[in-house]
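Work through the exercises below with the sequence and the structure at hand, trying each task before reading its solution.

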Amino acid sequence: METKELKFILKLLGCPNYRTGLSSSIFDSFKSEKTKICRDLGELEYVDYSREIATVKILPPGQALLKLDSAQLPIDDKELKVLEKIGKSSGKIAPSEIKVSSLKSDERDAILKTLSERGLIAIEIKMKRLKAEVWLTERGIEVLRDEYNPEGKANIDFNLLGNYVRFLRKNLRVKSEQVSTLVSDNMESHSDINGNISDEEILETIKKLDRELGTENYLPIFHVRQKLQPPLLRDDLDQALYRLQKSDKIDFSTLQEVSAYTPEQIDAGIPQNIGGQLFFIIVN
């Protein structure tokens, strides 16, 4: 960012919710440059601002539609009147030039967007001319909080520096609280899920995977690991499978033809002191 762009953002940080009118007196020091600075920061996605439809122009599909029989038109009366007004101009026109009785400006703009989405007209979006607002985006918050690294020399008012310090205190505290909550929630969630998956649910998962994958009751263990690890740990799943075998719900088979599987898939089996790894699960 250039110094003037940084100062623009620092002034914005002093506004409620980092949002204010572009005509606000806090931007008076930028004089005629503030609009360009705002647009440039908008290109970087650090700020955003109020926009409006600046011009509209009819497209060939719109012109072709106007030549159709009225009974065949796929648009309603108001949309047709707006399209006709646009069609009378040879080039771009401002929305304010589209005069249709009893049609309010917000309804007109909604119709223009609809006609544009249908490919009947082209619309040009620009910064709102009157009462435009500017605000800091989520991307702008991320850059200032996590990425921005000031370099070089610049004359920065202490009031602007204070805005940045308050911004960092607020957002770094919020981020820290979010991370702490997320870690806590993940630990609780893992504990709850890990404790709530019963052996019967594991057996049903095995049956379901066998049906879905068409393994004909020879389900490779790596599929079960992919499904249940996490939340289960590897040893938790192994012990559950042993319990199911002991209760005669499942049995195991070793792998004979290793060329059909990757080393990672083979390693997902259950090692044995004697013989090959237990690789397939068979439901009794």
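**Aromatic contacts in a predicted model**

At a relative accessibility of 1%, Phe279 is counted as buried, and the model in which this value was computed is a predicted one.

**Exercise 1.** Determine how the rings of Phe279 and Phe280 are arranged, and classify Phe280 as buried or exposed.

Solution. Begin with Phe280, whose relative accessible area of 11% places this residue among the buried ones, because buried means under 20%. Next, take the two rings: the centres of Phe279 and Phe280 lie 4.9 Å apart, with their planes at 85 degrees, so the pair is edge-to-face, given that planes over 60 degrees apart count as such.

**Exercise 2.** Of the aromatic pairs in the whole structure, examine Tyr218 with Phe280, and state which parts of the chain this pair links.

Solution. The search of the whole structure finds nine aromatic pairs. In one of them, the ring centres of Tyr218 and Phe280 are 5.6 Å apart and the planes stand at 65 degrees, so this pair is edge-to-face. The pair links distant parts of the chain, since Tyr218 is in the loop between helix H8 (199-213) and strand E6 (219-220), whereas Phe280 is in strand E8 (residues 278-283), 62 residues apart. Tyr218 is partly exposed, at a relative accessible area of 41%. Finally, Tyr218, Phe279 and Phe280 join Phe222 in one aromatic cluster.

**Exercise 3.** Which rings lie beneath Arg19 and Arg51?

Solution. For Arg19, the charged end sits over the ring of Trp135, 4.0 Å from its centre. For Arg51, the ring is that of Tyr49, over whose face Arg51 lies at 4.2 Å from the ring centre.

Key. Residues are numbered from 1 along each chain as its sequence is written. This is a predicted model: local features need pLDDT of at least 70, side-chain atom pairs count only at pLDDT 80 or more; totals for chains, interfaces and linings use all residues. Side-chain values use heavy atoms; hydrogens and water are left out. Rings of Phe, Tyr and Trp (its six-membered ring) pair if their centres lie within 6.5 Å; planes under 30 degrees apart count as stacked, over 60 as edge-to-face and the rest as tilted. Helices (H or I, at least four residues) and strands (E, at least two) are DSSP runs, numbered from the N terminus. Buried means under 20% relative accessible area, exposed over 50%, partly exposed in between (1.4 Å probe, protein chains only). A charge sits over a ring if NZ of Lys or CZ of Arg is within 6 Å of the ring centre and within 35 degrees of the ring normal.
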